[in-house]
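Colleague: I have a few minutes before my next call and would like to go through this one with you. Could we start with how the helices sit against each other?

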Amino acid sequence: METRRRRNSPPNTAPLSYVYNEDVLRRRCRELLGLSSLPGFHVNYSAKANTNLALLRIVREEGCHADAMSPGELHINKLAGFTPDRLLYVCNNVSAEEMK
């Protein structure tokens, strides 16, 4: 991952953009998935790290699952094509209504 700053931006400012290499991302997903052949072993990507739909779709295409900590993260993962059987909802202080 590269971090790029806008020319003439003040020091100590937030980065302008992140650049991802699709080939590297796909390779890393496959490496993680290859760590174990145990039944039920899954690699879960956390949408909290990056909710970019293109990135989420690549992670899904490579066979990873996703986790979410909020209804909004569940929604973005569903938009990226994750099905309920490939989503792990890890939350706390959730109402019964949210769990529906």
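Colleague: Is the crossing of α2 and α3 left-handed or right-handed?

Modeller: Bearing in mind that we are looking at a predicted model, the crossing of α2 and α3 is right-handed.

Colleague: And at what angle do helix α2 and helix α3 pack?

Modeller: Helix α2, which covers residues 53-61, and helix α3, which covers residues 71-79, pack at an angle of about 70°, and their axes are 9 Å apart. Because angles from 65 to 115 degrees count as roughly perpendicular, α2 is described as roughly perpendicular to α3.

Colleague: Which residues make that contact between α2 and α3?

Modeller: From α2 the contact uses L53, L56 and R57, while α3 contributes I76, N77 and L79. Sorted by class, the contact of α2 with α3 has four nonpolar residues, one polar residue and one charged residue.

Colleague: Take L53 for a moment. What is L53 in contact with, once neighbours within four places in sequence are left aside?

Modeller: With those neighbours left aside, L53 is in contact with I76, L79 and A80. The C-alpha atoms of L53 and A80 are 5.5 Å apart in space, although the two residues are 27 residues apart in sequence.

Colleague: How does L53 count in terms of accessibility?

Modeller: L53, whose place is in helix α2, counts as partly exposed because its relative accessibility is 26%, and the partly exposed class lies between the 20% and 50% cut-offs.

Colleague: What about N77 on the other side, buried or exposed?

Modeller: N77, which is found in helix α3, has 0% relative accessibility and therefore counts as buried. Not counting residues up to four places away in sequence, N77 touches A47, L56, A66, D67, A68, F82 and L87. Of these, L56 is also one of the α2 residues that make the contact with α3.

Colleague: Okay, switching to the other pair. How do α1 and α2 pack?

Modeller: The axes of α1 and α2 are 9 Å apart, and the two helices pack at an angle of about 40°. That angle makes α1 oblique to α2, and α1 passes α2 in a right-handed crossing.

Colleague: Which residues are involved there?

Modeller: On the α1 side the contact is made by E22, L25, R26 and C29, and on the α2 side by L55, I58, V59 and E61. By class, the residues of the contact of α1 with α2 divide into five nonpolar, no polar and three charged.

Colleague: Let me ask about E22, then. How far is E22 from I58, C-alpha to C-alpha?

Modeller: The C-alpha distance between E22 and I58 is 7.9 Å, with the two residues 36 residues apart in sequence. E22 is found in helix α1 and is partly exposed, with a relative accessible area of 41%.

Colleague: And D23, what does it count as?

Modeller: D23 counts as exposed, because its relative accessibility is 54% and the cut-off for that class is over 50%. D23 has its place in helix α1, which runs over residues 22-33, and its C-alpha atom is separated by 9.9 Å from that of I58, which is 35 residues away along the chain.

Colleague: Further along α1, what does L32 touch, not counting residues up to four places away in sequence?

Modeller: On that basis L32, a residue found in helix α1, touches F41 and V43. L32 is partly exposed, with a relative accessible area of 41%, and its C-alpha atom is separated by 8.9 Å from that of C64, which is 32 residues away along the chain.

Colleague: Now zoom out for me. How many helices and strands are there in the protein chain?

Modeller: The secondary structure of the protein chain comes to four helices and five strands, and read along the sequence these follow the pattern β-β-α-β-α-β-α-β-α.

Colleague: What share of the residues counts as buried, and what is the accessible surface?

Modeller: Of the 100 residues of the protein chain, 24% count as buried. The accessible surface of the chain comes to about 7200 Å², and 52% of that belongs to carbon and sulfur atoms.

Colleague: Last one: what share of the contacts between residues at least 6 apart in sequence joins residues at least 24 apart?

Modeller: In the protein chain that share is 26%.

How values were computed
Residues are numbered from 1 along each chain as its sequence is written. This is a predicted model: local features need pLDDT of at least 70, side-chain atom pairs count only at pLDDT 80 or more; totals for chains, interfaces and linings use all residues. Side-chain values use heavy atoms; hydrogens and water are left out. Axes are lines fitted to C-alpha atoms, for helices over the stretch in contact, and angles run from 0 to 180 degrees between N-to-C directions. Angles under 35 degrees count as roughly parallel, over 145 as roughly antiparallel, 65 to 115 as roughly perpendicular and the rest as oblique. A crossing is left-handed if the near helix is turned anticlockwise from the far one by less than a right angle, and right-handed if clockwise. Contact means heavy atoms within 4.5 Å. Ala, Val, Leu, Ile, Met, Phe, Trp, Tyr, Cys and Pro count as nonpolar, Asp, Glu, Lys and Arg as charged, and the others, Gly among them, as polar. Buried means under 20% relative accessible area, exposed over 50%, partly exposed in between (1.4 Å probe, protein chains only). Accessible areas come from the Shrake-Rupley method with a 1.4 Å probe; for residues, only the protein chains shown count as cover.
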